[in-house]
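Q: Please take a close look at one part of this structure, strand by strand, and then set that part beside what can be said about the rest. I would like the pairing partners spelled out, and some indication of how far the coordinates can be trusted.

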Amino acid sequence: MSNVGFTAYLKRDLLLSYRRLGEAASPLMFFLLVSILIPLGVSPDPGRLAELAPGMIWVMALLATLLSTEGLFATDHQDGSLEQMLIAPQLLALPVLGKVTAHWLMTGLPLTLVSPLIGLMLSLPSVAVVPMMASLAVGTACLSLIGAVGAALTVSLRKGGLLLSILVIPLYIPVIIFGSAAVQTAVDGFNWLGPLAILAAMLCAAIALCPLAIAGALRLVSSN
Amino acid sequence: MPKTPLLSVDRLVFERDDCNIFEPVSFNIEAGDIVQIEGPNGAGKTTLIRLLTSALQPTSGSILFSGDNIADCHYEYLASILYIGHQPAVKMTLSAEENLRWMSPATTTASEIDAALAEVGLRGYEDVPCYSLSAGQHRRVALARLFTTGSKIWYLDEPFTAIDKQGVGILQARMGSHLAAGGCILLSTHQDLAMDKVRKYNIEPHSDREQQQ
Amino acid sequence: MASNRHWTWFYRLGSPRWFYETTGRWLPWLWTLTLVLLTAGLVWGLGYAPQDAKQGNSFRIIYLHVPVSFLALAGYYLMAIAGAIGLIWKMKLSYMVMKSAAPIGAALTFLALFTGAVWGKPTWGTYWVWDARITSMLILLFLYLGVLALQYAFHSQESGNKASAILALVGTVNIPIIYKSVDWWYTLHQPATIKFTSAPSMHIDMFQPLLLMIVALYSFYALALILFTRAEILQRERKATWVCELALQAGKDSAGEAG
């Protein structure tokens, strides 16, 4: 059937995002706007900015991803598509992975591609640009997967957005620790592949485990 | 030798928050049967249908599909059913034609989709994005599935809501041809169906629920 | 299902009424045990154990801080296991235990952070330090609060239970990852003074009252958990006949006392 499986849901979600490009671009806009706040709020001095840049870029990317995670299953729940997804003859983990991948392609990937520009504005040393992009690419994928677990748990709640943030931020902490560490070690001149490898390991674990948790949560909780 | 019924429900019970929703439900459905679930508002008709689609898990009792428990033949069962519930599962940013194509089998041709939309009175609206359509028209897009589906068992929850008399007639004709081809239908509706051999099944709210009031 | 018959003892264990009545018999003993152990431990640790060479008397807070931290972490695992049992075997009592474990664990975590701060001031000169242990404790507090928040966010008790159970399990998988990450990130805190596989790096005279306090805290946790769960049982089963009879009996008793 045409509406079963990973690729079908991936394509459909990309199409849906494309039809609402304004909404889909908001995490990116958020990322760009917040990066203006740092020099304004702290100091425009390049030295100080360079010190803060690795961590701040990561924090902003995390918040931007978090903001967009709330809508992952919300519309499907409201218009009845979630129910149809639950009773389709497929392993629920597959459409879930499809949707989360589409989410990353529309959120994490644009953030990664724009990050050199932010790095420039925050005086990030040029040696750290490639490590930053690598860590963001891998890390935001983790963030999408983990955030989707929270989104699935809160899908039937109104105003679940704030609760989603409370639930998910503790789980994001390992990702941001190793993500910003990858950039920082590069700035300090050491081998940044170590933290990146750990990040990649986290991504592998997340791809394996999160779809199960998400599918479980969707089945158990959407009958509220 | 008695034939195994297509669908067999045996003493189905569902508990939510320590309260049984309805009295145990048991019935059989054969190919060509149409069963109308009746009962007062809130009796649990939607819950029963959701239990039959396996969206909900029963507290006890069993549902058998051609003799096998649906938990054992999960994929075969789900591949044979079609469910249209209260919400039309229609995406606002997609057109009527795109929505119907998503909900139809992969082998459906473009002309079949257009024909189905025409049957439900949406000829000329195929490429209109659904946010421009009314709620009644969303329902029609969902019901257009009935003209493209190959599923044997249909579960319809209040299918005639917001549909006019002519539309009801067309849908009932389609339901008739589905039954003649060996399918079966279980639906809940307050309307009287202008079809013959409609079996009615009454759901009784469980006595637990009187205590709650 | 036929297999149910083999599990009758297990399902009896899951009966709220059975739990309520059995724990009712245990309570007087548990109260006595907890009070005795806690008093003994605190008096020994705060009063009689020898002073630390470097920290003087201020280290004594360890007799509260370490056991409370242990229990805070162990409590999260207990909560997650109770949630898992509830999800797998659909046992109401298990969900009630999980729901009771959450506030107790959160309170213990907060107490651990507070005593850590009290310890920090004389030792490092500041109430708060972002080191591995303390930061992990803070994250644990947020994990607990998340489970609590989720529990109460749903109208349906059942959905709240299931969602909290899933979240607790997800948190359990993450706790070692979070701890290792934070540890890697900042290693300032003193190395763990009790290792189960090697001799403790504390003097035996200091170690004994600490062990006593740990046992005392376990007893306290059991007591608190049982009390909270009993309250939860009464609240959830309030329409059952046995609860109504209990309430009537309690009403008669207090009327009898007053009159």
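A: In this predicted model, β6(B) and β7(B) are paired in the antiparallel sense, and 2 bridges hold the pairing. Within that pairing, B:F65 has B:D68 of β7(B) standing opposite. The two strands form a hairpin with 2 residues between them, and there B:S66 adopts a positive phi near 50 degrees.

On its other side, β6(B), residues 60-65, pairs with β1(B), residues 7-13, again in the antiparallel sense, and here the pairing runs over 5 bridges. Two of the residue pairs can be followed directly in the structure: B:D10 has B:S62 as its bridge partner in β6(B), and B:V9 stands opposite B:I63 of the same strand, β6(B). The strands belong to an open, antiparallel sheet of 4 strands, in the order β4-β1-β6-β7 of chain B. The edges of that sheet are β4 (25-29) and β7 (68-69) of chain B; each has a single partner strand, so one side of each has no neighbour in the sheet.

Elsewhere in chain B, strands also pair in the parallel sense. Strand β5(B), residues 34-38, is joined over 4 bridges to β10(B), residues 184-188, and the two are parallel; in this pairing, B:Q36 has B:L187 of β10(B) as its bridge partner. β5(B) also runs parallel to β11(B), residues 198-202, with 5 bridges between them, and B:I37 stands opposite B:Y201 in β11(B).

Beside these strands of chain B, chain C reads quite plainly: its secondary structure amounts to 9 helices and 0 strands, in the sequence pattern α-α-α-α-α-α-α-α-α. Of the 259 residues in chain C, 33% are buried. Looking at contacts in chain C between residues at least 6 apart in sequence, 76% of them join residues at least 24 apart.

One residue in chain C can serve as a worked example of burial. C:A82 is part of helix α4 of chain C, and it counts as buried because 25 C-beta neighbours fall inside 10 Å, where the threshold is 20 or more. Leaving aside residues up to four places away in sequence, C:A82 touches C:S94, C:V97, C:M98 and C:A101. For one of these, C:M98, which is 16 residues from C:A82 along the chain, the two C-alpha atoms are 5.3 Å apart.

Chain C also meets chain A, in a contact to which chain C contributes 22 residues and chain A 18 residues. On the side of chain C that touches chain A, α6 (132-153) and α7 (157-185) of chain C each supply at least two residues, and α7(C) gives the largest share, 12 residues. Sorted by class, that side of chain C has 16 nonpolar, 5 polar and 1 charged residues.

Within chain A, a pair of helices deserves a look as well. Two packed helices are described by the distance between their axes and the angle between those axes. For α3(A), residues 26-41, and α4(A), residues 46-69, the axes come within 9 Å and cross at roughly 150 degrees, and the crossing of α3(A) past α4(A) is right-handed. From α3(A), residues including A:F30, A:F31, A:V34 and A:I38 take part in the contact, and they meet a set in α4(A) that includes A:L52, A:M56, A:M60 and A:A64. By class, the contact of α3(A) with α4(A) comprises 13 nonpolar and 3 polar residues, with no charged residues.

As to how far the coordinates can be trusted, the model scores ipTM 0.89 and pTM 0.88. Chain C has an average pLDDT of 83, with 85% of its residues scoring at least 70. Among the elements of chain C, helix α4(C), residues 62-89, has the highest mean pLDDT, 92, while helix α1(C), residues 3-6, has the lowest, 52. Over residues 188-200 of chain C the pLDDT is below 50, although this stretch has 12 contacts in the model beyond near neighbours in sequence. Where pLDDT is low, predicted coordinates should not be read in detail.

Conventions
Residues are numbered from 1 along each chain as its sequence is written. Chains are lettered from A and ligands numbered from 1 in the order in which they are written. This is a predicted model: local features need pLDDT of at least 70, side-chain atom pairs count only at pLDDT 80 or more; totals for chains, interfaces and linings use all residues. Two residues are in contact if their C-beta atoms, placed from the backbone, lie within 7 Å. Ala, Val, Leu, Ile, Met, Phe, Trp, Tyr, Cys and Pro count as nonpolar, Asp, Glu, Lys and Arg as charged, and the others, Gly among them, as polar. Axes are lines fitted to C-alpha atoms, for helices over the stretch in contact, and angles run from 0 to 180 degrees between N-to-C directions. A crossing is left-handed if the near helix is turned anticlockwise from the far one by less than a right angle, and right-handed if clockwise. A residue is buried if 20 or more other C-beta atoms lie within 10 Å of its own, exposed if 12 or fewer, and partly exposed in between; C-beta atoms are placed from the backbone. Two strands pair if DSSP finds at least two bridges between them. pLDDT is the predictor's confidence in each residue, from 0 to 100.
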